[in-house]
Amino acid sequence: MGEKDRLFTETHEWFSVESDVATLGLTDYAQGELGDIVFVELPEAGRSLAAGDVLTTVESVKSVSELYAPVEGEIIEGNAALEDDPSVINSDPYGKGWIAKLKLAPGTDVSRFMTTEQYETHIKG
Amino acid sequence: MSDPRKNGQTVEPTVFELSHPGRSGYRLPALDVPPADLAEVLGASNLRSTPPELPELSEPEVVRHFTRLAEMNFHVDRAMYPLGSCTMKYNPRINEEMAGLPGFTGVHPETTAAECQGAISLIYNLGRMLAEISGMDHVSIQPPAGASGELAGMLMVRAYQADQGNPRSKVIVPDTAHGTNPASLTLAGYEAVEIPSGPDGRIDVQVLAAAVDEETAAFMITNPNTLGVFESRIADIAEIVHGVGGLLYLDGANLNASLGVVRPGDAGFDVMHFNLHKTFATPHGGGGPGSGPVGVKSLLADYLPCPVARRDERKALGFEYDFDYDRPKSIGKVHAVYGNFLVAVKAYAYILTLGPQGLRRVAENAVLNANYLQKKLEPFFELPFPGLCQHEFVLSASRQKEQGVRALDVAKRLLDYGLHSPTVYFPLVVKEALMIEPTETESRASLDRFVDVMKAIAEESASSPELVTGAPTGTPVSRLDESLAAKELDVAWGKT
Amino acid sequence: MPYVPNTDRDREEMLREIGVGSVEELFAAVPKGLRESVELDVPGPLSEAELVRHMKRLASMNRTTDDVVSFLGGGVYDHTVPAVVRYVMGMPQFYTAYTPYQAEASQGTLQSIYEFQSLICRLTGLGVANASMYDGASAAAEACLMALAITRRNKILVAGTAGPSLRAVVATYLEASDIEIVELPETCGVTDVSAVDAHLEGAAVLLVQHPNFFGLLEPVDELSVKCADAGVLLVASVDPLSLAVLKPPSDYGAAIAVGEGQSLGSPVGYGGPLLGFMAADKKYLRRMPGRIIGATTDTMGRRGFVMTLQTREQHIRRAKATSNICTNEGLVALGAAVHLSLLGKNGFRELALQVTSKAHYAALALSAVAGVDLRFEGPFFREFVIDLSVPARRVKEELGRVGIWPGISCGCYYDGMENSLLVSVTERHTREDIDSLASGLEAVISPGGSS
């Protein structure tokens with residue numbers, strides 16, 4: 001999956017969909033704003049979320065950010081590697097720093113989300 | 001790989017590293033009764049197999065260790081400590097001495113009232129004085145800290161509202177609120193509803209009017225607020241909140257600006273807490289003990305924490321002061337005993353030393369010093385809310401940020417100049433906030449020195465920002481790695 | 001005004017710099033009606049000499065534990081406070097500092113609290129401790145809140161043998177939540193293990209005080225097994241001195257240990273400041289309330305200390321914080337660290353041995369008096385309950401006249417115990433003190449005695 005498949009939310013999550021599974025994380029811009037990420041609460045597999053529900057929290061030394069589910073779905077996996085080294089979100093936000101995989105509800109519409117170009121315009125504005 | 005925190009360079013070893021088997025720093029009296037066989041009297045299965053690994057040091061080693069640690073601390077006896085909303089004023093020596101009188105330190109809390117009239121009268125009369133100063137009707141000194149006072153206050157709000165038929169579900173707080181406010185009201189079972197401040201940093205009365213409804217149990221504010229401005233429309237605010245049956249709560253953290261000038265009780269507040277370790281000059285102790293008395297108007301008197309100190313001038317029981325435990329509507333106890341009594345002794349002595357005029361002089365000079373500093377610093381730092389302030393004001397390091405210097409760097413650089421930093425990154429409504437509260441106990445010379453240093457730092461930020469971002473260099477340790485501390489936790493010696 | 005340096009001339013010059021004509025103008029934002037009415041009716045001002053006279057008079061109206069032979073305890077104990085503890089707590093570098101927000105200028109506070117945390121871990125056997133709570137009672141309440149958050153259950157079990165004030169504070173902290181509090185019944189002065197099963201289901205926590213209010217050792221091993229089977233977290237409220245000899249809470253599976261640390265270097269002080277402590281299994285670290293100090297390094301690789309995991313706390317997480325606590329009992333925690341360091345491994349154990357020995361000597365001496373019986377048979381640590389053949393109140397009054405305070409009337413706290421006294425002993429009691437209590441009781445109680 002390349003950059004062009006990635007979709008973005010206004011709350012600075014990215015996700016990319018392969019068949020019915022969305023891999024999701026925090027955008028490069030957001031990790032830069034937060035600074036050194038020191039802790040991610042591992043999302044619990046099996047939990048069902050509505051769009052906009054809090055998926056997990058990401059902590060830097062002096063801030064806590066909530067990560068929201070962009071769409072409805074069920075968590076199938078949290079990135080266990082983040083427990084040992086959450087800083088991969090800083091170093092590789094779109095790769096090894098992914099945070100969770102969501103199984104999407106059937107017929108989920110993702111057309112309302114921003115593309116890479118649109119998101120870049122969004123954060124500049 | 002060896003952990004540098006365990007094996008690397010140290011400024012002062014831990015007490016465990018200094019330990020030497022066989023040493024002891026204290027002698028107990030010789031045991032004058034037969035020694036108990038621990039296994040027999042306590043039961044072998046209840047005993048620990050090895051004694052706890054406490055350090056072993058002689059008395060001079062203990063004294064030197066803690067003296068060397070003490071020398072690494074900045075403290076208000078040394079220089080200005082302008083932490084906003086913390087009121088780091090001078091702590092009068094005499095108050096420490098008074099709180100150390102054996103007649104206070106040696107009183108057991110189970111002593112019968114007749115045998116400790118001095119202690120109870122002090123609690124009672126301190127409550128009366130705080131009530132007079134604040135315009136409240138009753139004050140309990142039981143809460144041991146500000147946040148505990150907030151919890152007690154909010155539980156009283158809840159009990160009162162429940163007695164009116166509905167405990168209600170929400171408490172409104174402005175976006176400039178201290179973090180303890182939303183945390184305390186949540187603990188008291190309420191949902192925090194945050195409203196944005198208006199463009200002048202004050203509560204936007206229209207926004208408040210739109211936010212309140214029949215589910216609003218209270219509005220919780222700090223006044224002067226954390227931006228250092230007085231809520232001029234306090235009468236309208238009180239009317240709006242009372243109009244829907246809500247109560248008005250004052251976080252008294254900033255009461256220093258009001259002493260003898262304005263009384264919260266006259267301004268419509270129904271319930272408030274005090275911070276004796278701010279306004280009333282009791283020391284902070286590096287994080288406590290504090291004392292957070294809670295004051296209420298009569299409508300909440302029944303709900304005060306139990307017991308309540310009372311006075312009977314006719315001495316029907318043979319003495320004047322005792323505690324009333326028969327308080328069926330009380331929220332109960334927030335402290336195991338009566339609160340931080342020895343802290344209360346210091347506040348009591350402070351009020352008596354100052355008297356009514358002295359208290360007013362405190363507020364006047366606190367506000368004078370803050371305005372003077374604000375005026376002098378304005379050329380060098382952004383002032384997001386211009387105009388006269390009360391006891392504190394908030395600058396922004398936004399100009400410096402463009403030069404690559406953040407509020408945190410300014411804070412650290414101040415340490416190199418031998419001054420403490422202001423509160424940084426609070427309130428949240430100001431980016432790169434530097435919240436400055438000089439207090440009344442700083443002299444003009446001390447304020448001028450602070451101005452000179454802040455000006456120098458502003459100049460350094462423009463000309464050689466690396467001096468600022470590399471600070472501090474003159475402290476016992478240089479900038480500490482907070483990420484490492486949070487990621488690879490080491491919170492107890494010898495345990496990982 | 002001794003504490004305000006500004007002279008009238010300073011004020012005038014400063015006002016001019018600010019650009020206002022008077023101090024009154026600085027308060028322009030305060031509505032005039034509110035400003036004009038204030039004329040405080042408080043006493044003072046007093047000179048230092050007058051203040052000292054007044055305060056000494058108040059102090060003289062209190063009878064202290066030095067003025068009598070006191071056996072009062074019940075959570076606040078009259079131990080000798082070593083001079084070194086007072087000396088260190090009196091260093092202005094410690095007591096006039098604020099919360100260590102600027103770590104580089106606060107290493108003294110930070111390292112000493114890290115040492116305090118480490119010492120509490122060593123006493124309790126648990127992996128993490130925080131930088132202190134207000135008192136043992138609020139620490140117990142916070143532990144219950146923590147356990148409720150961890151287990152997401154909504155019931156707590158509290159041993160009825162836990163101190164009355166501890167139970168009262170727990171109830172206050174939980175008053176606004178939808179939590180069911182079950183008070184576990186006692187048998188022979190300790191928690192009735194057979195009665196626990198009925199309540200375990202759905203409980204978040206079992207809170208037990210060990211030794212309990214009556215000084216008795218609780219059946220912690222049996223309670224622990226029951227808790228483990230039901231997924232209930234065991235919270236032990238412990239007397240830190242007892243941990244010199246008793247097995248640590250980690251040994252009996254406590255998830256959280258809390259306690260009152262006043263006996264570690266604080267005077268009785270009319271009950272405040274006290275010192276709450278809390279330690280927990282390391283896996284619950286992120287759920288803990290209050291400040292936690294952690295070790296780290298500086299830019300030169302030197303060890304240093306910072307407040308860590310601040311994202312749990314109210315100043316960052318606000319409404320979602322693990323607790324509302326901000327100011328704690330930092331200086332008292334420092335005192336405890338000094339106290340434990342000074343007594344050290346052997347001295348602290350010796351202190352516990354002395355207290356145990358004297359308490360057991362006292363129990364034996366008192367129960368030898370006709371009309372005095374030990375109420376409970378189980379093992380006890382530093383205090384114990386005696387039953388008298390007459391009301392405890394009367395005995396207290398009569399012995400009070402001869403300068404002996406025999407203990408706490410249990411009837412104040414427990415129904416049906418009007419004839420019982422909780423007698424507490426520390427290393428300060430001499431054999432003579434204890435013998436004088438025994439003979440005093442004999443005189444008051446025996447038919448031929450005084451009264």
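**Entry 1: a small sheet in chain B**

I started with an open sheet in chain B, where three strands follow the order β10-β12-β11 and pair in the antiparallel sense. The model I am reading is a predicted one. I asked myself which strands stand at the edges of this sheet. They are β10 (393-396) and β11 (423-424) of chain B; each has a single partner strand, so one side of each is left without a neighbour in the sheet. I then followed one pairing in detail. β10(B) is joined to β12 (residues 433-436) of chain B by four bridges, antiparallel. As a landmark, I noted that L395(B) has L434(B) as its bridge partner in β12(B).

**Entry 2: strand β4 of chain B**

Next I looked up β4 (residues 216-222) of chain B. Is this strand enclosed or open? Seven of its seven residues are buried, so β4(B) is largely enclosed by the rest of the structure.

I also wanted its partners. Strand β2 (residues 170-174) of chain B runs parallel to β4(B), with three bridges joining them. Here K170(B) stands opposite T216(B). β4(B) also pairs with strand β5 (residues 247-251) of chain B, again in the parallel sense, over five bridges. In that pairing T222(B) faces D251(B).

What lies between β4(B) and β5(B) in their β-α-β unit? I found helix α10 (residues 234-243) of chain B, and the unit is right-handed.

**Entry 3: chain C as a whole**

I turned to chain C and began with the overview. Its secondary structure comes to 15 helices and 17 strands. The C-alpha trace spans about 85 × 55 × 50 Å along its principal axes. Of the 451 residues in chain C, 63% count as buried. I also checked how contacts spread along the sequence: among those in chain C with a separation of 6 or more, 72% come from residues 24 or more positions apart.

**Entry 4: a sheet in chain C**

In chain C I traced an open sheet of seven strands, ordered β2-β10-β9-β8-β7-β3-β4, with mixed pairing. At its edges I found β2 (128-129) and β4 (180-184) of chain C; each has a single partner strand, so one side of each is left without a neighbour in the sheet. Inside the listed order, I picked out β9 (residues 256-260) and β10 (residues 276-280) of chain C, an antiparallel pair with five bridges. One of the residue pairs to look for is E260(C) with its bridge partner G276(C) in β10(C).

**Entry 5: the bent helix of chain C**

I spent some time on helix α13 (residues 330-367) of chain C. Its 38 residues would reach 56 Å as a straight helix at 1.5 Å a residue, yet its end C-alpha atoms are only 42 Å apart. Where is the kink in α13(C) centred? I located it at G344(C), with a bend of about 95°. The helix is mostly covered, with 32 of its 38 residues buried.

**Entry 6: where the chains touch**

I then looked at how chain C meets chain B: 170 residues of chain C are in contact with 178 residues of chain B. Which element gives the most to the side of chain C that touches chain B? It is α13(C), with 24 residues. By class, that side of chain C has 89 nonpolar, 53 polar and 28 charged residues.

For chains A and B, I noted a contact with four residues from chain A and four residues from chain B. On the chain A side, these are three nonpolar, no polar and one charged.

**Entry 7: two loop residues in chain A**

I finished with two residues in loops of chain A. V71(A) sits between β7 (64-68) and β8 (73-78). Is V71(A) buried or exposed? With 22 other C-beta atoms within 10 Å, V71(A) is buried. Leaving aside neighbours within four places in sequence, its contacts are A22(A), A51(A), L104(A), T108(A) and V110(A). I also looked up D53(A), 18 residues away along the chain: its C-alpha atom and that of V71(A) are separated by 8.8 Å.

E44(A) lies in the loop between β4 (37-40) and β5 (48-49) of chain A. This residue is exposed, with 10 other C-beta atoms within 10 Å. Not counting residues up to four places away in sequence, E44(A) touches I75(A) and G78(A). Between E44(A) and T56(A), twelve residues apart along the chain, the C-alpha separation is 9.0 Å.

Note on methods
Residues numbered from 1 in each chain as written. Chains lettered and ligands numbered in written order. Predicted model: local features only at pLDDT ≥ 70, side-chain atom pairs only at ≥ 80, totals over all residues. Contact = placed C-beta atoms within 7 Å. Nonpolar A, V, L, I, M, F, W, Y, C, P; charged D, E, K, R; others polar. Pairing = 2+ DSSP bridges. Expected span 1.5 Å × (residues − 1). Bend = angle between axes of the 7 residues up to and from the residue. Buried ≥ 20, exposed ≤ 12 C-beta atoms within 10 Å, placed from the backbone. Right-handed = clockwise from strand over helix to strand, strands pointing away.
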